[in-house]
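User: I am new to reading protein models and would like a close look at the charged pairs in this one. Could you start from a single residue and then show me, step by step, what surrounds it?

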Amino acid sequence: MLMRMSLIGDSQTPQSLINTPSLHPIISQLWCMAVTSKDNDFLTEADKVMGSKEQGAFQEHMSYVVQACLDVDRPAFASTLIHVAGGIRAMASITSKYLRNIRYLYRKKVVSGQSIDDTTSCDSVFGVPRWQIMLINCFGNCANLLFVTSQQNCALREAYIDRNLVAIVIYTLRDLCQLSQTLKHDDFAKHVKKAFEDALGYIALLMGGPVDDLVAVICQALRARFLPTILQAHTCIPGADTAECLNALLITALRSYLTFDKVLRIAGSELEADEKSLDAIAQRDTDLLQAWNLFKKDVRRFLDLRSQIPAASIFFDRQCAAVHNSDEWHPQWDLFQCARCTVARYCSRQCQNIDWDQGHRMACKYLKAAIGPNTSRYIRRSLFLLAKIEDAEIQSHREFISQLSVTAQAEYPEFQDRLVLEIDPVAEAPTDKFKFKPVSNYLHIFPEASERPWQVASKWRQSTGLHSLSLPPVIRIHEGYEITNRPNLLFSPSTALRMAFKEHGLDAIVNDNASSVYYTGSSQ
C-alpha cells in the first residue's frame with residue numbers, strides 16, 4: 001500500500017505520502033527496521049512480500065517510500081525520521097549502515113563469483129539481473145536522503161561527515177560504476193543517471209555549503225579516490241549533460257582549495273599515481289577536459305612553489321620563534337603557541353618575552369590578520385605556501401599590475417596611494433586574478449578597523465626594500481564556490497611572515513628534498 005501511495009503525485013497532490021503526516025511515524029519505523037534488523041527470518045519474509053527473490057528488496061521498497069516523503073522545503077518528515085531513529089547520532093548511524101549494506105550486497109555478488117553480466121537469473125528485467133537494478137536504486141535513494149536531510153538539519157549534516165559518509169558515498173559510487181555499464185536499456189539508464197547525479201549533488205552541496213570543517217571534508221574525499229571516481233562516473237552516465245557540467249564544476253570547486261597545504265599534498269599524490277589514466281578519461285568531454293587541465297596546472301604550479309620552502313623552515317621544524325630570530329638554531333618539539341596570533345611557537349615563557357621585545361609585539365597582529373578571523377589551523381599550516389604564491393603572482397604579473405594600478409588610481413582619485421591589491425590565486429585570467437580597491441574595503445581585517453595598521457605595514461615594507469606596492473596586498477581564500485560573494489580575505493602572508501621571522505626563508509629558490517614537481521613531503 002505504501003509503495004502504491006509513493007507513486008501517487010507529488011507534494012501538490014493531497015493523497016501523496018508527503019501530505020499524509022499520520023503515516024510518517026510508521027514509514028520511519030519500517031525504514032529503520034529494513035536497515036537495522038538482524039532478524040534474518042523477518043527480512044526474508046519481508047523480501048518475499050515485496051515479490052522478489054533477491055535479498056534487500058524490502059529495503060529497496062522502503063527507500064522509495066522514504067524518498068516520496070522527502071522535500072527540501074518540508075522538514076517535518078526528516079524531524080519525524082530523526083525522532084524515530086533515536087536522535088541525530090542514531091540517524092547518522094542508520095544511514096551509514098544503509099550505505100554499507102549496499103556495498104556489502106555488491107561485494108557479496110561479485111566476490112562470490114557471480115558475474116556482473118550474469119543474466120541467467122529468472123529474477124531479471126529486460127535481461128538485467130534484478131539485484132543490479134536494486135543496488136542502483138537503493139544508492140540513488142540514499143544519496144537523495146543525504147542531500148535533502150543535510151540541507152534541513154545542520155547537526156545531522158555534521159553527523160554524516162563525522163561518520164565518514166563522504167568517503168563511503170565515493171567508495172560506493174566507484175563500485176557501482178562497474179554495474180552501470182551493463183544497464184543499457186533506456187529505462188534503466190535513467191535510474192543510473194539520477195542515482196549518480198544525486199550522489200554528486202550531495203558532494204557538491206558539502207563543497208559549496210557552510211560545513212564546519214570544510215577542508216577536512218575535501219581531504220576525506222580525496223583520500224577516498226575522489227578524482228578517479230568523479231571522472232569515471234562521467235563515463236557511466238548516458239546522455240547526462242547536467243551531470244557532465246556537475247563533474248566539471250566539482251573539479252573547478254576542488255581547484256579552489258589547492259591553496260590549503262594539506263589538500264595540495266593529497267591532490268599531488270593522487271595526480272602522480274594516476275595522471276595518465278585520468279587524462280584519458282577526461283578527454284572524452286570538452287568541459288571536463290578544460291576543468292581537469294586547469295586543475296593539473298594549479299597543482300603543478302603550487303607544488304613547485306611549495307618545493308621551494310626550505311627544509312629548515314620554522315613550519316617544517318617547528319622552531320622556537322625566539323631561537324629562530326637569533327643566530328642560534330635549535331629545533332624544539334615541546335612548544336606552545338602565542339595565544340593571540342596562534343602562529344609563533346615558543347619553548348618557554350622566557351623565549352616568548354624575548355621575542356616580544358625583538359619584534360613580535362608589532363608582528364603579532366599582522367600574523368593574526370594573515371590567518372583570518374576564524375584562526376583556521378589549515379590556513380595557519382598553509383601560511384608559508386600562501387606567502388610563496390603571493391610573491392610568485394606579483395612577480396609574474398608585474399607589468400599587468402602596474403597598468404591596473406594606473407587604471408585604479410584614475411577610478412579612485414581620492415585613494416591615490418591608499419589602494420590595496422586583492423589577489424585571487426585560483427582565478428585564471430589576470431583581470432579576474434587581480435583587483436585594486438580602496439583600503440576602506442579592507443579595514444575589517446584588523447580589529448581596530450582603521451588605516452593605521454596598513455600605514456605601519458607600508459612603512460615597514462619600504463624600509464626593507466619592498467617597494468612594489470604602496471600598501472600590502474590581500475589574498476582571497478575560497479571556502480566554497482557558492483559563497484564567492486563573501487570570501488575570506490587574508491592580510492598579506494608574505495609581509496606578515498617577513499615581519500615576524502628574520503630567517504623566514506621566503507627568498508629561497510630550491511629545497512634539496514624536493515625530487516620532483518610532485519614533492520609532497522609533510523610540513524608538520
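**Salt bridges and their surroundings**

Analyst: In this predicted model, D298 has a relative accessible area of 2% and is buried, because a residue counts as buried when that value is under 20%. The side chain of D298 meets that of R301 in a salt bridge, with 2.9 Å from N to O. Both residues belong to helix α15, where they stand three residues apart, about one turn of the helix. Their surroundings can be compared by accessibility: R301, at 26%, counts as partly exposed, whereas D298, at 2%, is buried.

Another salt bridge is formed by E422 and R476, whose closest N and O atoms are 2.8 Å apart. This pair links distant parts of the chain, since E422 sits in strand β5 (residues 419-423) and R476 in strand β7 (residues 474-477), which places the two 54 residues apart. Both E422 and R476 are buried. Returning to D298 and R301, we find that they belong to a network that also takes in R255, E393 and K433, the five being joined by salt bridges that share partners.

Across the whole structure, a search finds 23 salt bridges. One of the other pairs is D213 with R377, whose side chains meet at 3.2 Å, N to O. Here too distant parts of the chain are linked: D213 is in the loop between α10 (186-208) and α11, R377 is in helix α19 (residues 377-381), and 164 residues separate them. D213 has a relative accessibility of 25% and counts as partly exposed, and R377, with a relative accessible area of 35%, is partly exposed as well.

The loop that holds D213 leads into helix α11, and this helix is worth a short detour. Of the ten residues of helix α11 (residues 214-223), eight are buried, so the helix is largely enclosed by the rest of the structure. The buried residues are L214, V215, V217, I218, C219, Q220, A221 and L222. Just after α11 comes R225, which takes a positive phi of about 65°.

Charged pairs are one part of the picture, and aromatic rings are another. A pair of aromatic rings is described by the distance of the centres and the angle of the planes. The structure holds eight aromatic pairs. One of these, W31 with Y98, is edge-to-face, with centres 5.8 Å apart and an angle of 75° between the planes. Since W31 lies in helix α2 (residues 24-36) and Y98 in helix α6 (residues 88-111), the pair ties together parts that are 67 residues apart in sequence. W31 counts as buried at 1% relative accessibility, and Y98 is buried with a relative accessible area of 1%.

Helix α15 offers another ring pair: W292 and F295 have ring centres 5.6 Å apart and planes at 20°, so the pair is stacked. Both residues lie in helix α15 (residues 286-306), three residues apart, about one turn of the helix. The relative accessible area of W292 is 0%, which makes it buried, and F295 is likewise buried at 0%. Elsewhere, Y366, F446, W454 and F491 form one aromatic cluster.

Two of the aromatic residues named so far reappear in the nonpolar interior. The largest nonpolar core has 144 residues, and W31 and W454 are the ones with the most contacts inside it. Helix α7 (residues 130-152) supplies the largest share of this core, eleven residues. Leaving aside residues up to four places away in sequence, W31 touches M62, S63, V66, L81, M91, I94, T95, Y98 and L145, and Y98 in that list is also its edge-to-face partner. There is also a second, separate core of ten residues, which includes I394, I401, L419 and L469.

Finally, a wider view gives these details their setting. The protein has 24 helices and eight strands, and buried residues make up 54% of its 524 residues. Of the contacts between residues at least 6 apart in sequence, 72% join residues at least 24 apart. The accessible surface comes to about 23,300 Å², and 50% of it belongs to carbon and sulfur atoms.

Definitions and conventions: Residues are numbered from 1 along each chain as its sequence is written. This is a predicted model: local features need pLDDT of at least 70, side-chain atom pairs count only at pLDDT 80 or more; totals for chains, interfaces and linings use all residues. Side-chain values use heavy atoms; hydrogens and water are left out. Rings of Phe, Tyr and Trp (its six-membered ring) pair if their centres lie within 6.5 Å; planes under 30 degrees apart count as stacked, over 60 as edge-to-face and the rest as tilted. Helices (H or I, at least four residues) and strands (E, at least two) are DSSP runs, numbered from the N terminus. Buried means under 20% relative accessible area, exposed over 50%, partly exposed in between (1.4 Å probe, protein chains only). A nonpolar core is a set of buried Ala, Val, Leu, Ile, Met, Phe, Trp, Tyr and Cys residues joined through side-chain atoms within 4.5 Å. Contact means heavy atoms within 4.5 Å. A salt bridge is a side-chain nitrogen of Lys or Arg within 4 Å of a carboxyl oxygen of Asp or Glu. Accessible areas come from the Shrake-Rupley method with a 1.4 Å probe; for residues, only the protein chains shown count as cover.
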